[in-house]
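Reader: I have a model open and would like to learn how to read its helices and strands. Where do we start?

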Amino acid sequence: MDYKQLIIRGISYSQTQSGAYALLLEHEETHIKLPVVIGNFEAQSISLGLEKDIHPPRPLTHDLFTKFIVSANYELVSVIIYQIVDGVFFSNINFKNKVNDEELILDARTSDAVAMAVRFDAPIYTTQQVLNEAGILLELEDVAKEDQSFSETVEAEDNLRSVSMEELQKLLEEAVKEEDYDTALEIQEEIKRRKKKID
């Protein structure tokens, strides 16, 4: 089957479902976006998987499963979002044994599959049919305009800009200790922004 590779474009608070987030995947060639509604825990886990510099004090479920896969001599080869039924995406995680090349395919929620894929830097694919059924064509700027929390994010970023680098490091450590990973990611982004300016 001819699979289409997707990249992660971002995670934002869902305007349609309370307490949920929207994971935005994109087919790079056509710029068709695939919005997937995910829970708070999965949003945090995907964000932490993307942000390699932040390590929670205790392993999250996806980190634990990652360690198990590696210990069992498997690697995560790819994730395939193969179907959508009544707004629910169905995915497979494809593993391969490093010793005997045996393949293992596990059914998974798409949010869990993506959280695992980012930990292994594995590609995420979908079918043309899924893109046809659930894909939307829009500019990322439009998403930001629709996002009501966008102005709050800008305000939070402005507050972080007035804090010294030393204080940012302390705030980052505190946020990780408190397991407030959303705040930790915002602080990490500000630290990275400053380091880029220095370089």
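Author: This is a predicted model. Start with two helices: α2 passes α3 in a right-handed crossing.

Reader: Which residues of α2 and α3 make the contact?

Author: From α2 come H62, D63, F65, T66, I69 and V70, and from α3 come D112, A115, M116, R119 and F120. By class, the residues of this contact between α2 and α3 divide into 6 nonpolar, 2 polar and 3 charged.

Reader: How should I describe the packing of two helices?

Author: Two packed helices are described by the angle between their axes and the distance between the axes. Here α2 and α3 pack at an angle of about 60 degrees, and their axes are 10 Å apart. That angle makes α2 oblique to α3.

Reader: Is α3 largely enclosed or left open by the rest of the structure?

Author: Helix α3 covers residues 110–120, and 10 of its 11 residues are buried, so the helix is largely enclosed by the rest of the structure. Buried here means under 20% relative accessible area. The buried residues of α3 are T110, S111, D112, A113, V114, A115, M116, A117, V118 and R119. Just after α3, D121 takes a positive phi of about 50 degrees.

Reader: What does α3 lie across?

Author: Helix α3 lies across β1, β2, β3, β4, β5, β6 and β7, and runs at about 150 degrees to β4.

Reader: What is the order of the strands in the sheet?

Author: The sheet is open and has 8 strands, in the order β6-β5-β4-β7-β1-β2-β3-β8, with mixed pairing. At its edges stand β6 (103–109) and β8 (136–137); each has a single partner strand, so one side of each is left without a neighbour in the sheet.

Reader: In which sense do β3 and β8 pair?

Author: Strand β3, residues 32–39, pairs with β8 in the antiparallel sense over 2 bridges. I32 stands opposite L137 in β8.

Reader: Which strands does α2 touch?

Author: Helix α2 packs on the sheet and touches β4 (74–85), β5 (88–97) and β6. The direction of α2 makes about 125 degrees with that of β4.

Reader: One residue outside the helices, then. Is H55 buried or exposed?

Author: H55 is exposed, with a relative accessible area of 59%; the cut-off for exposed is over 50%. H55 sits in the loop between α1 (40–50) and α2 (61–71).

Reader: How many residues apart along the chain are H55 and K177?

Author: H55 and K177 are 122 residues apart along the chain, while their C-alpha atoms are separated by 9.8 Å.

Conventions. Residues numbered from 1 in each chain as written. Predicted model: local features only at pLDDT ≥ 70, side-chain atom pairs only at ≥ 80, totals over all residues. Heavy atoms only, no water. Buried < 20%, exposed > 50% of the residue type's maximum accessible area, 1.4 Å probe, protein only. Helix = DSSP H or I, 4+ residues; strand = E, 2+ residues; numbered from the N terminus. Axes fitted to C-alpha atoms, helices over the stretch in contact; angles between N-to-C directions. Parallel < 35°, antiparallel > 145°, perpendicular 65-115°, else oblique. Left-handed = near helix turned anticlockwise from the far one by under 90°. Contact = heavy atoms within 4.5 Å. Nonpolar A, V, L, I, M, F, W, Y, C, P; charged D, E, K, R; others polar. Pairing = 2+ DSSP bridges.
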